[in-house]
Amino acid sequence: MSHIDAVSERLDDYLAANDLEAVWFARPSSFAWLTGGSNIVDRAADVGVAAAGYDGDGVTVVTDNIEAGRLVDEELPDDVTVETVQWYEADLDDAVERYSPTPAAADFDVAGFETVDPTDLRQPLTDRDIERFRSLGEDAAEVVEAVVGEASADDEEREVGGRLRDRLFARGIDSPVVLVGSGERTRKYRHYTTRDSELGDYALVSVTAVRDGLHASITRSVAFDAPEWLDDRTEAAMRVEASALAATQRVGRDGGTAGEMFDAIAEAYAAVGYEGEWRNHHQGGAAAYAGREWFGTPDSEASVHLPMSYAYNPTVQGAKSEDTHLVTDDGIELLTATGDWPTETVEPVGDGPALERHAVLHR
């Protein structure tokens, strides 16, 4: 089954439920979700250079004459219809208004159109999403583990961050989040934005890698003269992460909510000796065509879908555990892995399978 066949039922239901004739996506992540291609030229722009619309019969892309040929040749599947305006005649919103049946909705501002939130439409993952996620996860992990494994105590955070961005970009991967934190700064801050400090006794490196619109998050810890507590706190974070994943599978099977899943996170922190620690940092959540499609919170009503990718990132006072996993009815698959980093098998708090988690690399 093609990707568009897999999502057309969702889109048809959305159109019917909202009495609409079409829905349009011009923000890069949702454009990539629907078409499989990229509409990005300016990476700082919220809206891309083309919009993809679905009207019940198929997908139409609207763009200008500058971009149309390249999109057809390099970005779009053969069964997409492309409509073109002259770049000097109409902006993208005007072009969509010109070609769309109405009433319609869009994920960017179009006069007279309703607004669509694509979050639920992008869940669960399709077979194409899963295949691409596996490739992204492996490539991202290879780069992150290689760069972090080569780092030394006297490297500056920005040096390591620059190497990460360069090597990821060489594999066609964008990196909107690159956090390289020295041991001193990770003790103080949960978001150790990269600066000029030397790594020192240990470091945490957290990256969000993006390709084909998909977002994979990964953290690795490297120790040069590790404080005695680092391994224990990292193991505690690992067990919280394993508990979150086990709860996600359990709640997803029952069609439950992120708030129900979050109960397991709070309980796990208490069980490993850090009750209430979750209040100091967000814990992650579903991750696919956004860094987080939703964040787990105690009261969240977001639906837990299967199969779906999840990136949880528990922190414990200077330690962290984070990877991206595919959670299905039948299993929990680690996506951001190479097999070349030290791991530890940890048990979740409560019911669920033991999982291999990435431990601290001691240099």
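This section describes a helix pair, a covered helix, several salt bridges and one loop residue in a predicted model.

The helix pair consists of α5, spanning residues 127-150, and α6, spanning residues 157-170. Their axes come within 10 Å and cross at roughly 150°. Since angles over 145 degrees count as roughly antiparallel, α5 and α6 are therefore assigned to that class with respect to each other. The crossing of the two helices is right-handed. On the α5 side, the contact is formed by Ala140, Val143, Val144, Ala146, Val147 and Glu150. These residues meet Val160, Arg163, Leu164, Arg167 and Leu168 of α6. By residue class, the contact of α5 with α6 comprises 8 nonpolar and 3 charged residues, with no polar residue among them.

Arg163, one of the α6 residues in this contact, also takes part in a salt bridge. Its side chain meets that of aspartate 155, with an N to O distance of 3.2 Å. Aspartate 155 has a relative accessibility of 10% and so counts as buried. Arginine 163, by contrast, has a relative accessible area of 26% and is partly exposed. Elsewhere, salt bridges with shared partners connect Glu145, Arg220, Glu241, Asp323 and Arg357 in one network.

In total, the structure contains 21 salt bridges. One of them pairs arginine 43 with aspartate 174, whose closest N and O atoms lie 2.6 Å apart. Arginine 43 is located in the loop between α2 (28-35) and β2 (50-54), whereas aspartate 174 belongs to strand β7 (residues 174-182); the pair therefore ties together parts that are 131 residues apart in sequence. The two partners fall into separate accessibility classes: arginine 43, at 56% relative accessibility, counts as exposed, while aspartate 174, with a relative accessible area of 23%, is partly exposed. A further salt bridge joins aspartate 129 to arginine 128, with 3.9 Å between the closest N and O atoms. Both aspartate 129 and arginine 128 are buried.

Helix α2, which precedes the loop containing arginine 43, is mostly covered, with 6 of its 8 residues buried. The buried positions are Ser30, Phe31, Ala32, Trp33, Leu34 and Thr35. Elements of both kinds contribute to this cover: it includes the helices α1 (3-17) and α5, together with the strands β1 (22-25), β2 and β3 (59-64). Helix α5 thus appears both in the cover of α2 and in the crossing with α6. Glycine 36 follows α2 and has a positive phi, near 85°.

The remaining site concerns glutamate 347, which is placed in the loop between β17 (343-346) and β18 (355-358). With a relative accessible area of 46%, glutamate 347 is partly exposed. Its C-alpha atom is separated by 8.9 Å from that of methionine 238, although the two residues are 109 residues apart along the chain. When neighbours within four places in sequence are left aside, glutamate 347 is in contact with Arg239 and Ala354.

Definitions and conventions:
Residues numbered from 1 in each chain as written. Predicted model: local features only at pLDDT ≥ 70, side-chain atom pairs only at ≥ 80, totals over all residues. Heavy atoms only, no water. Axes fitted to C-alpha atoms, helices over the stretch in contact; angles between N-to-C directions. Helix = DSSP H or I, 4+ residues; strand = E, 2+ residues; numbered from the N terminus. Parallel < 35°, antiparallel > 145°, perpendicular 65-115°, else oblique. Left-handed = near helix turned anticlockwise from the far one by under 90°. Contact = heavy atoms within 4.5 Å. Nonpolar A, V, L, I, M, F, W, Y, C, P; charged D, E, K, R; others polar. Salt bridge = Lys/Arg side-chain N within 4 Å of Asp/Glu carboxyl O. Buried < 20%, exposed > 50% of the residue type's maximum accessible area, 1.4 Å probe, protein only.
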